[in-house]
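Me: Please take a close look at one part of this chain. I want to know how it is built, what covers it and what lies around it.

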Amino acid sequence: MEDLTPEEKLAVEMFANDEQTFVTLLKIAKKRLEKEKELIVQKTMQGVGTNEENGANLKATGEGIRLVEAVFREFSQFRTVQKQLDKKNPAI
């Protein structure tokens, strides 16, 4: 995320530091992708679409889940609250 402006970095930092919002949005994104995955499995079980189409859709959904997790991992690198706590008390 080197290409972000200072204002954009601050916005991501504020988002990453808001633990409840961060966790909630990650949960919503992953739940939506899991729901899509379940729909694909249901279609396959009902014989809707070809195996190739359903397999490709299932693979794309898995890639989407990994992408969401990767993006949120990158966002978490902007957390400053935890970094400051770690520096203040090395015994933690």
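**Helix H3 in its setting**

Reply: The chain holds four helices and zero strands. From the N terminus the order is α-α-α-α. Note that this is a predicted model. The part to look at is helix H3, residues 51–76.

Start with its length. H3 has 26 residues. From first C-alpha to last, H3 reaches 37 Å, close to the 38 Å expected at 1.5 Å a residue.

Next, burial. Across the chain, buried residues make up 17% of the 92 residues. In H3 the buried residues are Asn-54, Thr-61, Gly-62, Gly-64, Ile-65, Val-68, Phe-72 and Phe-75. The cover over them includes helix H1 (6–17) and helix H2 (19–46).

Take Asn-54 as a test case. This residue sits in H3. Asn-54 counts as buried because its relative accessibility is 6%, and the cut-off for buried is under 20%. Leaving out residues up to four places away in sequence, Asn-54 touches Ile-40, Lys-43, Thr-44, Val-48 and Gly-49.

Now the surface. Val-41, Met-45 and Leu-58 make a nonpolar patch of about 290 Å². Of these, Val-41 belongs to helix H2. Its relative accessibility is 34%. Val-41 is therefore partly exposed, a class that lies between the 20% and 50% limits. For the chain as a whole, the exposed area is about 7,100 Å², with 58% supplied by carbon and sulfur atoms.

Then follow the chain past the end of H3. Thr-80 lies in the loop between H3 and helix H4 (81–88). Thr-80 has a relative accessible area of 22%, so it is partly exposed rather than buried, given the 20% limit. Setting aside residues up to four places away in sequence, Thr-80 touches Glu-13 and Asn-17. How far apart are Thr-80 and Glu-13, in sequence and in space? The two are separated by 67 residues in sequence, yet by 7.1 Å from C-alpha to C-alpha.

Last, the contact pattern of the whole chain. Count the contacts with a separation of 6 or more. Residues 24 or more positions apart account for 65% of them. The Thr-80 and Glu-13 pair, at 67 residues apart, is one contact of that long-range kind.

Methods: Residues are numbered from 1 along each chain as its sequence is written. This is a predicted model: local features need pLDDT of at least 70, side-chain atom pairs count only at pLDDT 80 or more; totals for chains, interfaces and linings use all residues. Side-chain values use heavy atoms; hydrogens and water are left out. Helices (H or I, at least four residues) and strands (E, at least two) are DSSP runs, numbered from the N terminus. The expected span of a helix is 1.5 Å times one less than its number of residues. Buried means under 20% relative accessible area, exposed over 50%, partly exposed in between (1.4 Å probe, protein chains only). Contact means heavy atoms within 4.5 Å. Accessible areas come from the Shrake-Rupley method with a 1.4 Å probe; for residues, only the protein chains shown count as cover. Patches are made of residues with over 30% relative accessible area and no salt bridge: like charges are joined within 9 Å, nonpolar side chains (Val, Leu, Ile, Met, Phe, Trp, Tyr) within 5 Å. A salt bridge is a side-chain nitrogen of Lys or Arg within 4 Å of a carboxyl oxygen of Asp or Glu.
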